[in-house]
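Reader: I'd like a close look at a single part of this model, with the cut-offs spelled out as you go.

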Amino acid sequence: CLKFHNIKHPETYSLQDLSKTGKFVESVNWARYFGNKVGYPLIAKPNQGSHSMGIKLIENYYDLVRYISEYSEFTEDLIIQKYIPGPEYKVVLLDCEIIVAYKKTSNNPIKPYKIGKTEEVRYVSPEMEEHLIQAASSLGLNYCSIDIKTPSLANFNEEDTYILELNCHPGINFMLNEKGISFVRGLYKKLLMDVISKYQDNLKK
């Protein structure tokens, strides 16, 4: 969807159905081709889960083979992406509006929420906000979080802005820490009321 809407994102390859007979060798060969094409390092991650669980920085082909071998025992689908260096942010949107944004301040190349601190971003430029809304809309998401690599949310430069992933069910831990219980309670009340309203509208039809 991002590619179709010309939204910049890391080059990505998906390994699927790893549990099928003979699929492992085929997947390793295609992954090697992808790694040679886009260059190392890569990011590898299961196509499921949250809080950066299972995500690993892949420095070379041997790391890649070890990773696929290890995780193919636990999941059928893996994602491999070109690693994009630089600052990383998470932005949560609801109804085409940013409700919270923060910078991940860990020095670790992979920045799970539980490692290091976060810093709330108070200002997002209108151009950046429009870009993020377009990304969410490309997947038809009304409520989502977006992980993004960019030098700053205060300025938008398409050349150095990458959408890493969109999550249609964002966790609440970071919002609890950044915004507090009252904020999260109000957010989920609004989400619940939206669901009820749409349900009632469907009943009327």
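Which residues of helix 3 are buried?

Author: Quick ground rules: this is a predicted model, where local features need pLDDT of at least 70, side-chain atom pairs count only at pLDDT 80 or more, and totals for chains, interfaces and linings use all residues. Residues are numbered from 1 along each chain as its sequence is written, and side-chain values use heavy atoms, leaving out hydrogens and water.

On to your helix: M128, H131, L132, I133, A135, A136 and S138 are the buried ones, buried being under 20% relative accessible area with a 1.4 Å probe, protein chains only. Helices here are DSSP runs of H or I, at least four residues, and strands are E runs of at least two, numbered from the N terminus. The cover over those buried residues includes strand 5, strand 6, strand 8 and strand 9.

Those strands turn up again in the largest nonpolar core, which has 20 residues; strand 5 (88-94), strand 6 (98-104), strand 8 (143-149), strand 9 (162-167) and helix 3 (126-138) each supply at least two of them. Helix 3 gives the most, 5 residues. A core like this is a set of buried Ala, Val, Leu, Ile, Met, Phe, Trp, Tyr and Cys residues joined through side-chain atoms within 4.5 Å. L132 is among those with the most contacts inside it, along with L93, I146, L153 and I163. I163 touches H131, L132 and A135, among others, a contact being heavy atoms within 4.5 Å.

The helix's length checks out too: its 13 residues should span 18 Å at 1.5 Å a residue, and the end C-alpha atoms are 18 Å apart, so the two agree. The expected span is 1.5 Å times one less than the number of residues. After helix 3 comes G140, with a positive phi near 70°.

How values were computed. Buried < 20%, exposed > 50% of the residue type's maximum accessible area, 1.4 Å probe, protein only. Lists of a residue's contacts leave out its neighbours within four places in sequence.
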